[in-house]
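Here's an informal walk through one model, from its core out to its empty spaces. Keep the viewer open as you read.

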Amino acid sequence: MTELTELDALTVARGVRRGDFASVEVTQAHLARAARLSDAVGAFARLTPELALAQAAAVDARVGSGEVDGVLLGVPCPIKDLNPVAGVGFEAGSAAMAGYVAEVDDDIVGWFREAGTVMLGKTATPEFGLPCYTEPETGPAARTPWDLRRSAGGSSGGAAAAVATGLAPIAHASDAGGSIRIPASACGLVGLKAS
């Protein structure tokens with residue numbers, strides 16, 4: 001049997017929608033894997049297990065009542081720590097912002113939620129997303145899981161490390177000068193910069 005952490009995003013959404021498995025099961029599997037492996041690859045600035053499990057339970061309740069809309073229904077999708085999520089630490093990879101908690105969601109966070117995703121946590125980014133490597137002073141450097149001596153790139157290095165390591169099937173990223181494309185290439189992924 002395929003592990004839940006080995007499924008792609010569309011297979012997860014289809015399985016949750018059909019009731020093959022619950023969103024809570026998928027979320028628990030990814031959180032457990034992330035707890036074991038995140039520090040080794042520097043993927044997450046912080047995990048949010050309570051929030052993730054609450055969101056997954058809400059997805060399962062929707063499915064149970066026949067609401068199966070949302071193209072990414074039940075899919076774990078962490079948010080890059082350059083975008084605020086209400087009630088969650090928001091440090092943008094900077095020690096200067098240590099302890100800051102966002103008061104509101106960024107628009108993209110709402111869009112992902114409307115699509116049915118479950119936020120596992122915030123992925124690592126370099127300070128304010130500026131360098132093309134992810135080595136924040138606030139946590140471990142992001143590394144490609146294929147060779148832990150090598151960088152996962154930046155500034156979405158944490159997102160790429162998370163997906164390449166199977167900590168999430170997809171992850172939010174952003175790109176002004178290569179911040180999706182560099183980490184994707186360093187981690188052997190496809191990185192999509194939408195127009």
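## Core, sheet and voids

In the largest nonpolar core, which has 32 residues, the members touching the most other members are V16, A43, F44 and L167. Four helices each give two or more residues to this core: α1 (9–18), α2 (23–41), α3 (49–64) and α5 (157–164). There's also a second, separate core of 7 residues, with C77, I79, V88 and F112 among them. Bear in mind that this is a predicted model.

A43 is a good place to zoom in. Setting aside neighbours within four places in sequence, A43 is in contact with S38, T123, A124, G158, A161, A162 and L167.

That contact list leads to α5. Is this helix mostly enclosed or mostly open? Since 7 of its 8 residues are buried, α5 is largely enclosed by the rest of the structure. The buried ones are G157, G158, A159, A160, A161, A162 and A164. What do they pack against? The partners are α2, β1, β3 and α6 (181–187). After α5 comes G166, which has a positive phi near 80°.

G157 deserves its own look. This glycine sits in helix α5, and it counts as buried because its relative accessibility is 0%, where the cut-off for buried is under 20%. Leaving out residues up to four places away in sequence, G157 touches A124, T134, A142, A152 and P183. I182 is 25 residues from G157 along the sequence, yet the two C-alpha atoms are 8.3 Å apart in space.

Now for the sheet. It's an open one with 3 strands, ordered β1-β3-β2, and the pairing is mixed. β1 (44–47) and β2 (79–80) are the edge strands; each has a single partner strand, so each has one side left without a neighbour in the sheet. Strand β3 (residues 121–123) pairs with β1 in the antiparallel sense, over 3 bridges. Within β3, K122 is the residue standing opposite R46. As general background, strands of a sheet pair through backbone hydrogen bonds, either parallel or antiparallel.

On to the empty space. How many cavities of 30 Å³ or more does the structure hold? There's 1. Its lining is made up of Q55, C77, I79, V109, F112, R113, T117 and M119. Helix α4 (residues 107–114) gives the most to that lining, with 3 residues. C77, I79 and F112 turn up here and also in the second core.

The largest pocket has 23 lining residues, and A171, A173, V190, G191 and L192 lie nearest its centre. Both α5 and α6 give two or more residues to this lining, with the largest share, 3 residues, coming from α5. So the helix that is largely enclosed, with 7 of 8 residues buried, also gives the largest share to the pocket lining.

Here are the two spaces side by side:

| Space | Volume | Lining by class |
|---|---|---|
| Largest cavity | About 40 Å³ | 5 nonpolar, 2 polar and 1 charged residues |
| Largest pocket | About 570 Å³ | 17 nonpolar, 4 polar and 2 charged residues |

To recap, A43 touches residues of α5 such as G158, A161 and A162, and the buried residues of α5 pack against α2, β1, β3 and α6.

How values were computed
Residues are numbered from 1 along each chain as its sequence is written. This is a predicted model: local features need pLDDT of at least 70, side-chain atom pairs count only at pLDDT 80 or more; totals for chains, interfaces and linings use all residues. Side-chain values use heavy atoms; hydrogens and water are left out. A nonpolar core is a set of buried Ala, Val, Leu, Ile, Met, Phe, Trp, Tyr and Cys residues joined through side-chain atoms within 4.5 Å. Buried means under 20% relative accessible area, exposed over 50%, partly exposed in between (1.4 Å probe, protein chains only). Contact means heavy atoms within 4.5 Å. Two strands pair if DSSP finds at least two bridges between them. On a 1 Å grid over the protein atoms alone, a cavity is a set of points where a 1.4 Å probe fits but cannot get out, and a pocket is an open set with protein on both sides within 12 Å along at least five of seven lines; lining residues have an atom within 4 Å of a point. Grid points are joined across faces, edges and corners, and a volume is the space filled by probe spheres set on the points. Ala, Val, Leu, Ile, Met, Phe, Trp, Tyr, Cys and Pro count as nonpolar, Asp, Glu, Lys and Arg as charged, and the others, Gly among them, as polar.
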